[in-house]
Amino acid sequence: MVNKRRRRRRRDKRPASEMESSSSSSEEEEKEEKKESSEGKSDEEKELAFWKNLLAKLKERARRRLEKAGLLNAYEELFEEDDEPPTEAELVAKVKELERRAAEIEDRGKAAEAVAAAFEAEGTPFPGTPEAVETASEAEQEQYIRELLDPRLLATLEREGIDRFFPIQRGVLPYALYDANAPQEQPKGVFRDLCVAAPTGSGKTLIYALAIHQALVRRTFRSLRAVVVVPSRELARQARVELERFRPEMPPELPRIRISESAGGTEDNIFIEPEHLKHQEVSIACPVCDERPHPDVLVCTPGRLVDHVERTPGFTLQHVRYLVIDEADRLLAQSYQDWARKTILACFDDSDVPERELKLETMFERIYAPVTRRSLEEPCPRIQARLQKLLFSATLGDDPRLISTFMLENPKYFYVRDDAVRGGDEAVNTTALPATLREFTILCDAPTKPLALIAALEEFRSCRLVLVFANSVDTALRVACLLRLWYDGGEGVFELSSAMKARQRDATIEACRRRDAHTVLVASDAAARGIDMSVDLVLNYDAPSSVQAYVHRVGRAARAGRQGDAVTLIKRGQDRAFSRLRAQIDDDLAPTRKRIPRATLAALAPKYKACLADLEDAVRAAQRGYRGRPTTSPKDDDDKGVVDDPMDVDDNTSSRVDDDEKKQNDEEDEDSEEEEEEHFRLFPLPEPEEYMHLPGVAEFLAKKPGEDTAWMYAD
Ligand SMILES: Nc1ncnc2c1ncn2[C@@H]1O[C@H](COP(=O)(O)OP(=O)(O)OP(=O)(O)O)[C@@H](O)[C@H]1O
């Protein structure tokens, strides 16, 4: 039916001369059509179902368009609920009426463009756009965001106790949600990628969670629409939990938004996309597929993502609307399998799309017609189904490789300076710390450094959770062992490093989150980024070697507007280097110098010495608990020439810098094969006979490339 209408429209558009010369062939076509329609009569019910399905899609599109153009009343008049199913003729008439309205909208669109141009000429943002609320009051920004949010998401926010948005959320959400609500099929270049640099704990996750859910809340078609890439397995888990926390309730007729995780040892719900869904066929209800695990959102590490792109049958990124890259500066530095290029190219892969171009001849087709997948070709021959990239980090920086590696399109940058959120067209290298963080330094000698750590811990004994950072896996292990001895068995002392198995790390994080007594977690930089666990005090046993490491480490405290403290132990001789590092942060503040009285150290010394005597045995016992003994590698630069810190190991077992990513990827490879096998056992590919009986499937599969199929890009 769709084919016939298209053919008819195309004929009408041909020049008169061509029309005359081909009149005989058109008569033949007419006959052919009649023959086709008489043959089709036996399938009347099927066809009506097809039309209804298409109309439902068109109605939704029309509603959005008309609503935007202030024509909602017209829409309601046009589609009053009928008790009787409409006849085919009525449906065709309605679609024609839609075409007329669409043309009307185009006129209005032109008028609106002229008005927008006038506003631009005056330098005033167009009312109702995100630009217009950039400088508005806090209350106006809140209201604007709430108006853009679906009521089901507002209900979720209320349920989760989010009653106001944080500053960076008020700055970015107007843009992110405005785009999430905009129709997909915009000409290339209309939408912008967003890059957000905001302090740790400022609520960046909620920004992408809301944008994704807002775009998917009215989706009718199930396919992978959002991919969130994070640098570690722990962050993948956390992001998934956060996305699930804000997941909206769906209307009864739609399946809920499914969120999956694919990182390291975790591999759930990875799906195979059945052939007939790959091409976004109009038919949307497919019981077989709905019972199968189809994620709408996938949270993953880069390694696992590349594995899926290259190896998982049926896995495609072709329908992905959002590519979120969290901790983007960290992921930029990670070239694992050339993941960024491969991922983005996979989003534009149209190799299995039949060689067919939609000729968008009428306004109707341009607005409502099915659109195909996207193409990187310039100029794009098709309407673009859009891919928006959202980049986040507390230390995003202005590295030009961000644009090239992630193929950013017309990016808009958000950053925080002088406690205010700013937006601009240029990347700005700026780093801010949470305003609620208090920073301290303690100057100490190498031999007494562990004692200084103990003294600092004693001073902050009232804190619930203290996170101690060491520069290497081995130092973290030794410090944890020392503290266990210090706390007489150390029930509340935990260790987190990449030398541990993934499940051990999960269990440790969970235990630290749950405990309500004084808890000390000793970690390597594996725990520096992104982990959100209500830390009261960050204690840098080793001074970090870069400003990025410092910002992410201390940012585990003072999150979400809460008070928090950070203490850094600085060995004599390291203080200048640390001051230079701290000066790279955009504020005029300096950490307060704390002094530990000699008398305090002297009082702690006897017990400390007793602990040291038992330390080697404790370390050996702890190492036996690992998968294998940590290997050896060169010492940290910082420690060169300094051998007398009792937490430094001797030459035979020298400190290993925590190469978290490498370790993780090795681990992922090891775990994944087993898990994949298990997955395919649980979720085998459906046999074609399982879905061939479903309406429309056989017909769709029978269509040849190039045939005028009704393709639909459905939200
Ligand atoms: N509007 C809000 N009101 C209350 N709490 C919020 C709000 N937004 C986010 N939060 C909470 O703030 C905490 C920190 O948020 P999140 O982890 O997203 O920070 P982040 O900016 O991503 O930090 P990092 O850079 O360290 O990854 C989380 O526990 C989150 O649930």
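Biologist: Which helices each supply at least two residues of the shell around the ligand?

Modeller: In this predicted model, they are α11 (204–216) and α12 (233–245). Helix α11 gives the most, with 3 residues.

Biologist: What makes Gly201 one of the residues surrounding the ligand?

Modeller: The cut-off is a heavy atom within 4 Å. A backbone N or O atom of Gly201 lies 2.8 Å from an oxygen atom of the ligand, so Gly201 meets that cut-off. In total, 21 residues surround the ligand, and the closest are Gly201, Lys204, Thr205, Asp532 and Arg559.

Biologist: Why is the approach of Lys204 to the ligand called a polar contact?

Modeller: A polar contact needs a pair of N or O atoms within 3.5 Å. A polar side-chain atom of Lys204 lies 2.7 Å from an oxygen atom of the ligand, so the pair qualifies. For Arg556, a polar side-chain atom lies 3.0 Å from a ligand oxygen atom, so that pair qualifies by the cut-off too. Taken alone, the ligand exposes 640 Å², of which the protein buries 89%.

Biologist: How do the residues of the shell around the ligand divide?

Modeller: They comprise 6 nonpolar, 7 polar and 8 charged residues.

Biologist: How do you know that β10 and β15 pair?

Modeller: Pairing requires at least two bridges between two strands. Strands β10 (residues 437–444) and β15 (residues 564–571) have 8 bridges, in the parallel sense, so they count as a pair. Thr441 has Thr568 in β15 as its bridge partner.

Biologist: What makes β12 and β16 edge strands?

Modeller: Each pairs on one side only. The sheet is open and has 7 strands in the order β12-β13-β11-β14-β15-β10-β16, with parallel pairing. From one strand to the next, the twist averages 25°.

Biologist: Which helices run at about 165° and about 145° to β15?

Modeller: Helix α20 (residues 449–459), which packs on the sheet, makes about 165° with the direction of β15. Among the strands touched by α20 are β10, β11 and β13. Helix α24 (residues 575–582) lies across β10 and β15 and runs at about 145° to β15.

Biologist: Why does the pair Arg192 and Asp425 count as a polar contact?

Modeller: The side chains of Arg192 and Asp425 make their polar contact at 2.9 Å, so the distance falls within the 3.5 Å limit. Arg192 is in the loop between α10 (167–181) and β1 (194–197). Beyond its neighbours within four places in sequence, the contacts of Arg192 include Asp179, Arg386 and Glu409.

Conventions. Residues are numbered from 1 along each chain as its sequence is written. This is a predicted model: local features need pLDDT of at least 70, side-chain atom pairs count only at pLDDT 80 or more; totals for chains, interfaces and linings use all residues. Side-chain values use heavy atoms; hydrogens and water are left out. Helices (H or I, at least four residues) and strands (E, at least two) are DSSP runs, numbered from the N terminus. Axes are lines fitted to C-alpha atoms, for helices over the stretch in contact, and angles run from 0 to 180 degrees between N-to-C directions. Contact means heavy atoms within 4.5 Å. A polar contact is a pair of N or O atoms within 3.5 Å; within protein, one must be able to donate a hydrogen and the other to accept it, and residues adjacent in sequence count only if both atoms are side-chain atoms. Accessible areas come from the Shrake-Rupley method with a 1.4 Å probe; for residues, only the protein chains shown count as cover. Ala, Val, Leu, Ile, Met, Phe, Trp, Tyr, Cys and Pro count as nonpolar, Asp, Glu, Lys and Arg as charged, and the others, Gly among them, as polar.
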